[in-house]
Amino acid sequence: MILQGRQLKIFIVFIFPLILLLSSVSITHGQADNGTTGGGEWLTFRGNPEHTGKTDASGPPKEIEMKWRWRVNDDKSPISASPAVTSDGTVYITTEGGYVGVINPEGTTGWIDKLSGPVQSSPAVDSQGNVLVITEDGYVYYFDSGGEIQWKSEFDINISSSPVINGGIAYVGTDDRSLIAINLNPDMTGIESKSKKILKSDVIQWSFLAFDNVKSSPAFSGNTVFFGAGNYFYALNSSAGGDDNASSMIKWSYHINAEVNSSPAVFNGRVYVGADNGYLYAFNENISSNSENSFKEGELVWRRKTGGSIGSSPAVDQVDGDIIIYAGSDDGRLYAFSEKGEPKWTFSTMGRVKSSPAVDGNGDIYFGSDDGHIYALYQDGSLKWKSDFYGMIRSSPAIGPNMKLYAGSNDGYLYCIGESTEESREPELKIDVSLSLSSIENNGNPTTVSATITSESESQNVLSRISSVTIDLSPLNMIGFKSETSSDMVDIKQEPMLDDGIFEDKVAADGKFTYAFGMTDDITLVGIDRGIFTFFLSDVPLAVGPVPLMVTVEDLYGNKISKPFSLNILQKVRGTPPFNNVINNRLERQTLNISFTSGTPSILSIVPSQGPPGERLRVDILGKNTNFTKNKTKVEIFNETGFRIARALPEDFDVDVLSDISLSAQLNIVTSNEVTEGGLTGRWDVVVTTELPGGSVEVVVGDDLFEISGTSARVDASVKNPNNNFKGLQNLCEFTLDITDESGARPKGSPWRINTGYSRDITIQRAQSGIWNYEIVVGECTTIPSFKVITTGSNFGYLVGEVRDAYTGTRIDNATITAITGDSMESDSNMTVSSGGGYYLLPLSAAEGSYIVTAYKKGMIDIKREVEIGDGQETRLNFSLRPDLRCPLKDFANGLRLQSFYSLRDNVLKNNPDGRRWVGLYYKHADEVRRIILNNPEFASKSIKFLERAARIIPELVSTGKISCSLNADVEDLIDVLIENAGDDLEKSLEAEKKNILMFLTKIRK
């Protein structure tokens, strides 16, 4: 059999140019002798007195899970402090809600104490297991390990610095420009026995007055305390004495000319610290003995610029004898520098890096970001894993025993991450989605999306390892406020769902998550409470018909599972003419339904509450042809002289609009004492006023509809003759409705003539997608009617499924799924993109005929033909992407079947240990190889000649797995031409893999 054309081009494009292998270098980690925390303990901020952030314990490996998460009661206050961890896995943490808590190794609460104020500084544990905690308002607590207060003292100073303990002395910075030394074992003779309170003068051993407030957490090395204060950095002799010989305490200082809020790290004779000017500074730990520096100025070794302020504290490690310094910056990056200040690498996140990095015994680095992730990196800066949380991570991670990592979050939880103990790290999760309203309209009631997540796994810990649950609202093109304090508007795309509608669960154990939202065309009504009964503005005119949305669950391993669902959009316009508006039709060939109601608005009935007299009165009103609008409608009661008896205003949230024709109102009675005394008895008028778009107002009056009769004991309100007391009877009035498409063409039947008082339903069959214009012209009418236009789409179904790699089986995100029919070209309305783990949902009209549906991404494609869509039905269509048949070599060779080359791949490469990985690398570089083929005549010519020869060999290779002649010289020549024309990434991969390709060919020849 001779293979030509498409088979030949796959051989060259698939096998030889793109059998690639990415190589990595293994680095052996060396352990430093100093500045390292041992035994799995992390007893203070940054792990040790030198604040290197380095431990000899191992952090969580590549495969992780959330072991537990813990919160103080229902307090959602952020945890910005770094936890302290003892060698048995007991964790101590403080919260900005003013709590100190102790968590047992398995995640249960040991003890909790409520403090005098919020806490940002980290707790410190001394050698006896006692715990030092300092609040922001300067209250100092010293507990034993069981939670019993040993003593407490009120310093009356704001403190955000974290203490460091050396021996029996703790050093901490304050907001009154001082660094203080606290004696942890003071004279207890003057202590209040019951409260354990002691005077600060009996606790403070000495203090040092700096040039500015001390936000920096001090580090301790030898007998020296290092810290920043305002624009100065200090090295103090801890044993030199008190205030009266303060100058002798200064070993050296340095004017940085920028605020120093970062905590320093001391390692191997150097001190490293960041500043708000974005520089990382390296100083010699001690001034040279031959220095003639009379001002005791520190010796700056180097400084290196980052892209933002440095508020986090650097970490230091030693790798194969080389010292590496890691520092986070407000530009969202973690930087790695050598001991000489040479940049090693940077790692970018999507938020500021305020969290200080921690380094484990393997040299792996762990840190948090304001983007809500904790990142784990290898020594070369490549990603080991990342874990997603709901809040910013300002807390600095602590590494404890048994490969556990602990960090607090702005969502109020302390998280414990450890090694996965699951045999399969992809839990069998299932998502069920329900909607409180399956259809939603502008200025209508919000819908609540509820997602219930269950697992078939027997493990009770599966749901607690959920990293995030999000809802993708991007197809709705909604915008909202950036925050409660900002007026900036932002796009609403992937939004985190809540554990439930009101409170978060302890560990999301029930698997229930919700998100509620609505839409409005009034910017003044856009809410800022994200995620729960909030109105948002659509960025474009609402398109009627089904909109594909998706709920996605991601676990700590990065596995994703999604549930696509649709929300039907109704477009509603209300008001009075003149009117010139548009209908945005979503789907091609779907049925467009237009419903009109018109007439004079009136009140059908009013149901007042009955009860004792008071200041408020509740009424329920049912209208006809009314346009009651949320936050735009008020209710008032007047007597015959126009005196207002009671009112309910929308800005006071006293009017609950249930629909266009129904509302419930809580009216405030103007003079409640007269009600009690019976002075307000009689019949009254009910007036409902609604502000409509364009500045018009709808006023609905019910004449003599309301009666109050009462005594000093009781007031009853009732309706009298509701069917005979309408102000203004309906009158006949004719208007015309004219509809045109974007080209100006009218559908069959347009324009329509409609009389007020009669509803009219209009149907446009097989309506094209896009904009339809409509205009309403009112003739001579004694009273201009109020009317509503409601537009809906019908006659549609859904394609739903997942997209996978045909060879590797992995799910593919960002693949484009397109449906075309025999009578319509490709349309944006018939297109969607896979996400959330390869899932997609594509609404399509269910008109007669079938679709050709294509899924494709970066050189891979799958085509399904004769796909039928049933009205209201869901059609499942899964895709397996293979190499795109539309290869540039079709221009050079005749096309034949691809089956032999699929067999070559499946039967030969899968038996080669590297083959599966080679196929994935082919997909990665396919686009670039295509460009080289098209733009390089030499390569195309050599490829054709090689294909003519290779075509005779492929059948032999497919059937036997061997070949009888050599292709090495030809293949080597082709690879060399590719390397000459390739980009950096492809060039490096080909050079690294050239030898492997030739060895593979030699092996299959033998």
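1. Strand 4 (residues 99-103) deserves attention at the outset: in this predicted model, five of its five residues are buried, so the strand is largely enclosed by the rest of the structure. The cover extends to both faces, with Tyr99, Gly101 and Ile103 buried on one side and Val100 and Val102 buried on the other. This division fits the general rule that side chains in a regular strand alternate between the two faces of the sheet.

2. Strand 4 has an antiparallel partner in strand 3 (residues 91-94), with four bridges between them, and Val91 stands opposite Ile103 in this pairing. The two strands form a hairpin with four residues between them, in which Gly98 takes a positive phi near 90°. Strand 4 also pairs in the antiparallel sense with strand 5 (residues 109-114), here over five bridges, and Gly101 has Ile112 as its bridge partner in strand 5. That second hairpin has five residues between the strands, and Gly107 within the hairpin takes a positive phi near 100°.

3. Further along the chain, an open sheet of four strands with antiparallel pairing follows the order 6-7-8-9. Its edges are strand 6 (124-125) and strand 9 (149-154), each of which pairs on one side only. Strand 6 is joined to strand 7 (residues 131-134) by two bridges, the two strands running antiparallel, and Ala124 is found opposite Leu132 of strand 7.

4. Turning to the aromatic residues, the structure holds 31 aromatic pairs. One of them joins Phe226 and Trp252, whose ring centres are 6.2 Å apart and whose planes lie at 50°; the pair is therefore tilted, as the range between 30 and 60 degrees requires. This contact links distant parts of the chain, since Phe226 belongs to strand 15 (residues 224-229) and Trp252 to strand 17 (residues 250-255), 26 residues apart. Phe226 and Trp252 are both buried, and ring pairs connect them with Phe233, Tyr254, Tyr279, Tyr281 and Phe283 in a cluster.

5. Two arginine contacts with rings may be noted separately. The charged end of Arg71 sits over the ring of Tyr413 at 4.0 Å from its centre, while the charged end of Arg46 sits over the ring of Phe45 at 6.0 Å from its centre.

6. The structure holds 20 salt bridges, and among them is the contact between the side chains of Asp317 and Lys54, with a distance of 3.2 Å from N to O. Asp317 lies in strand 22 (residues 315-319) and Lys54 in the loop between helix 1 (5-15) and strand 1 (64-70), so the pair ties together parts that are 263 residues apart in sequence. Both partners are buried, Asp317 with a relative accessible area of 0% and Lys54 with one of 1%.

7. Another salt bridge brings Arg394 and Asp370 together, with their closest N and O atoms 2.6 Å apart. Both residues lie in loops, Arg394 between strand 29 (383-388) and strand 30 (398-399) and Asp370 between strand 27 (365-368) and strand 28 (373-377), and they are 24 residues apart. Their settings should be described individually: Arg394 counts as partly exposed at 25% relative accessibility, whereas Asp370 counts as buried at 13%.

8. Glu441 and Lys572 also form a salt bridge, the closest N and O atoms being 2.7 Å apart. Glu441 is part of strand 34 (residues 439-441) and Lys572 of strand 43 (residues 560-575), so this contact ties together parts that are 131 residues apart in sequence. Both Glu441 and Lys572 are buried, and they are linked with Arg574 and Asp660 in a network of salt bridges.

9. Strand 51 (residues 662-669) is mostly covered, with six of its eight residues buried, and several strands pair with it. Strand 47 does so in the antiparallel sense over seven bridges, with Arg616 opposite Asn668. Strand 49 (residues 644-648) runs antiparallel to strand 51 and is joined to it by two bridges, with Ala646 opposite Ile669. Strand 50 (residues 655-659) is likewise antiparallel to strand 51, through four bridges, and forms a hairpin with it that has two residues between the strands; here Asp656 stands opposite Ser664.

10. Finally, Leu622 has its place in strand 47 (residues 616-624) and counts as partly exposed at 33% relative accessibility. Together with Leu604 and Ile661, Leu622 forms a nonpolar patch on the surface, the three sharing about 200 Å² of accessible area.

Technical notes: Residues numbered from 1 in each chain as written. Predicted model: local features only at pLDDT ≥ 70, side-chain atom pairs only at ≥ 80, totals over all residues. Heavy atoms only, no water. Pairing = 2+ DSSP bridges. Patch = residues over 30% accessible without salt bridge, like charges linked within 9 Å, V, L, I, M, F, W, Y side chains within 5 Å. Areas by Shrake-Rupley, 256 points an atom, 1.4 Å probe, with all protein chains shown as cover. Salt bridge = Lys/Arg side-chain N within 4 Å of Asp/Glu carboxyl O. Buried < 20%, exposed > 50% of the residue type's maximum accessible area, 1.4 Å probe, protein only. Phe/Tyr/Trp six-rings, centres within 6.5 Å; stacked < 30°, edge-to-face > 60°. Lys NZ or Arg CZ within 6 Å of the ring centre and 35° of its normal.
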